[in-house]
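Biologist: I am new to this one. Please show me the structure, and I will ask how you know what you say.

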Amino acid sequence: MDKIVLILTCYNRREKTTNCIRSVLGTNEHIQTEIVLVDDKSTDGTKEAVRKLAPHTHIVEGTGGLYWNGGMHVGMKYALKKIPDAAYYVLLNDDVEFYPGVFAAMARELDDKTEVLVGATQADDNSLSYGGIVYKNRKSLKLRTVGPDEPGLCCDTFNANCVMIPAKIFKEAGATDAAYTHSMGDFDYGFTIQRLGYPIHVFHEYVGRCNDNPAEGTWQDKSLPVLKRFRLKEGAKGLPFKDWFRFLRKNFGLDVAVVRSFTPYIKILLRR
């Protein structure tokens, strides 16, 4: 029986994290799974609740300042070192509630293929929320999210809410780039896999439920004062200049980075 390792990170979202893991356990029939959870010093009892719910979970202690990308980097490095015998490694987000049987079905679809399979999620209104990503224009950075209605389309990268990666690819790609703080790590990782020559496809069915993160209260909230939006953009959970410039230069080239790294500031000034 093929072993599947599920990797996720969390911080003070006990209900979301336990709901996610509970749904993972509900998909566990007929497959061998191990869970790697990076808990970034949660103070709301997340770690204790997970230990009670799933005692065999590998819980890795964070530093308290890892954020999403840092937590996933640590979790992926742990999985590579401590659980090297898995057939597939799955990157998860803890705000997804998974449908029964999805991991076994994704593994069957891969069936030893050397490609990456993205599990798309749907919002409460059944619309596509997260999935594969295709850049329609690499100069303007216009992109679209790809769902299960386009399973044969090769994607450029992905949202890492659910991504199944065969061991060969996972070991070659390694962990996410530790230079990123919170966001951009999953997009960057998808581009890394693409550059290695491996295709990225979307699974033909939705794998779970997950709502889009709202713009309200973030740097993209048009109702907020300009200075507050600037502060939020440069915050760890925003789009810090250093992270954004690195992502653009690494994946689109210096010319795009020089121009597009300033686009968010213009957007804020124009109240868009």
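Biologist: What supplies the area that the chain exposes?

Modeller: Carbon and sulfur atoms supply 53% of about 12,700 Å². Accessible areas come from the Shrake-Rupley method with a 1.4 Å probe, and for residues only the protein chains shown count as cover. This is a predicted model: local features need pLDDT of at least 70, side-chain atom pairs count only at pLDDT 80 or more, and totals for chains, interfaces and linings use all residues. Residues are numbered from 1 along each chain as its sequence is written, and side-chain values use heavy atoms, with hydrogens and water left out.

Biologist: Why is the chain called as compact as a globular protein of that length?

Modeller: The globule rule is 2.2 Å times the number of residues to the power 0.38, and the radius of gyration is taken over C-alpha atoms. For 272 residues the rule gives 19 Å; the chain has 18 Å, which is close, so the description holds.

Biologist: What makes residues of H8 count as buried?

Modeller: Buried means under 20% relative accessible area (exposed is over 50%, partly exposed in between; 1.4 Å probe, protein chains only). In H8, Asp 243, Trp 244, Phe 247, Leu 248, Asn 251 and Phe 252 meet that. They are on the same side of H8, because they cover an arc of only 125° around the axis. The arc is that of the directions from the helix axis to the C-beta atoms.

Biologist: What do the buried residues of H8 pack against?

Modeller: Strand E9 (132–137) and helices H6 (185–195), H9 (254–260) and H10 (263–269). Contact means heavy atoms within 4.5 Å. Helices (H or I, at least four residues) and strands (E, at least two) are DSSP runs, numbered from the N terminus.
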